[in-house]
Amino acid sequence: MTACIFCKMVSGEIQPDVVYEDDDVLAFRDLNPQAPTHVLVIPKKHYSTTNELQPEDAELMGRLVLGAQKVAEIDGLSEQGYRMVLNCNEGAGQTVFHIHMHVLGGRRMNWPPG
Ligand code: AMP
Ligand code: ZN
């Protein structure tokens, strides 16, 4: 089976603009940024959607949030604020089926989101 595009980033086959990496997560800049900071934080392990997560994955998802916290620190957004978004399935706007957390900031974020 061919690996998904984000798995290819984890394996090094495709080289994204990496912002942060640790044993469990990889964070890289979105190709089509929707804000001055638009970074995707992904688990290195493949899950298509958040529907696949099991109770034992709770720590990994916590590490995703900590990855986002790190990205915000790196881009100087910790104080002014940033948004973390996880889209699950097409109705929510998911287009890449490997879990990813969007980290958006550097401009005023509106609520409710579109
Ligand atoms: P979503 O619509 O929530 O599935 O988000 C997928 C995101 O992946 C979009 O914001 C895309 O711009 C981004 N994306 C797709 N391919 C790449 C790539 N090769 N490198 C960086 N970001 C990508
Ligand atoms: Zn994948």
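In which strand does isoleucine 42 lie? The first legend below takes up this question, and the legends after it turn to other parts of this predicted model.

**Figure 1. Isoleucine 42 and its surroundings in strand 3 of the predicted model.** Isoleucine 42 belongs to strand 3, the element that covers residues 37-43. With a relative accessibility of 0%, isoleucine 42 counts as buried, because buried means under 20% relative accessible area. The view may also take in valine 10, which is 32 residues away from isoleucine 42 along the chain, while the C-alpha atoms of the two residues are separated by 9.1 Å.

**Figure 2. The zinc ion (ligand 2) and the residues that coordinate it.** Four residues supply the donor atoms, namely Cys4 and Cys7, each through its SG atom, and His46 and His98, each through its ND1 atom, at 2.0 to 2.3 Å. The site of the zinc ion is tetrahedral, with angles of 102 to 117 degrees among its 4 donor atoms. Along the chain, the donors of the zinc ion follow the spacing C-x2-C-x38-H-x51-H. Distant parts of the chain are linked by the pair of cysteine 4 and histidine 98, which stand 94 residues apart: cysteine 4 is in the segment before helix 1, whereas histidine 98 is in the loop between strand 4 (82-85) and strand 5 (101-105).

**Figure 3. Histidine 98 in the loop between strand 4 and strand 5.** Is histidine 98 buried or exposed? Its relative accessible area is 0%, and histidine 98 is therefore buried, given that the term applies under 20%. Glycine 76 is 22 residues from histidine 98 in sequence, and in space the two are 27 Å apart, C-alpha to C-alpha.

**Figure 4. Ligand 1 and its polar contacts with the protein.** Aspartate 30 has an N or O atom in its side chain that is 2.5 Å from an oxygen atom of ligand 1. The side chain of histidine 102 likewise has an N or O atom that is 2.8 Å from an oxygen atom of ligand 1. At leucine 31, by contrast, it is a backbone N or O atom that takes part, and this atom lies 3.1 Å from a nitrogen atom of ligand 1. Ligand 1 taken alone exposes 500 Å², of which the protein buries 83%.

**Figure 5. The shell of residues around ligand 1.** Ligand 1 is surrounded by 16 residues, and the closest are Asp30, Gly93, Thr95, His100 and His102. Sorted by class, this shell has 7 nonpolar, 7 polar and 2 charged residues. Two elements, helix 1 (5-11) and strand 2 (25-29), give two or more residues to the shell. Helix 1 provides the largest share, with 3 residues.

**Figure 6. Glycine 67 within helix 2.** Helix 2 covers residues 58-74, and glycine 67 has its place within that helix. Glycine 67 counts as buried because its relative accessibility is 1%, and the limit for buried is under 20%. Between the C-alpha atoms of glycine 67 and valine 96 there are 19 Å in space, and the two residues are 29 apart in sequence.

**Figure 7. Serine 78 in the loop between helix 2 and strand 4.** With a relative accessibility of 40%, serine 78 counts as partly exposed, because this value falls between the limits of 20% and 50%. Glycine 105 is 27 residues away from serine 78 along the chain, and the C-alpha atoms of these two residues are separated by 9.6 Å.

**Figure 8. Two backbone features, at asparagine 89 and at proline 112.** Asparagine 89 is not a glycine, and yet its phi is positive, at about 75 degrees. This asparagine is located in the loop between strand 4 and strand 5, and at 32% relative accessibility asparagine 89 counts as partly exposed. Proline 112 is found in the segment after strand 5. The peptide bond that leads from tryptophan 111 to proline 112 is cis, with omega near 0 degrees.

Methods: Residues are numbered from 1 along each chain as its sequence is written. Chains are lettered from A and ligands numbered from 1 in the order in which they are written. This is a predicted model: local features need pLDDT of at least 70, side-chain atom pairs count only at pLDDT 80 or more; totals for chains, interfaces and linings use all residues. Side-chain values use heavy atoms; hydrogens and water are left out. A residue is near a molecule or strand if one of its heavy atoms lies within 4 Å of it. A polar contact is a pair of N or O atoms within 3.5 Å; within protein, one must be able to donate a hydrogen and the other to accept it, and residues adjacent in sequence count only if both atoms are side-chain atoms. Accessible areas come from the Shrake-Rupley method with a 1.4 Å probe; for residues, only the protein chains shown count as cover. Helices (H or I, at least four residues) and strands (E, at least two) are DSSP runs, numbered from the N terminus. Ala, Val, Leu, Ile, Met, Phe, Trp, Tyr, Cys and Pro count as nonpolar, Asp, Glu, Lys and Arg as charged, and the others, Gly among them, as polar. Donors are N, O and S atoms within 2.8 Å of the metal (3.2 Å for Na, K and Ca); water is not among the atoms, so sites may look incomplete. Four donors count as tetrahedral if all angles lie between 85 and 135 degrees; four count as square planar and six as octahedral if opposite donors are over 155 degrees apart and all others between 65 and 115; anything else is irregular. Buried means under 20% relative accessible area, exposed over 50%, partly exposed in between (1.4 Å probe, protein chains only).
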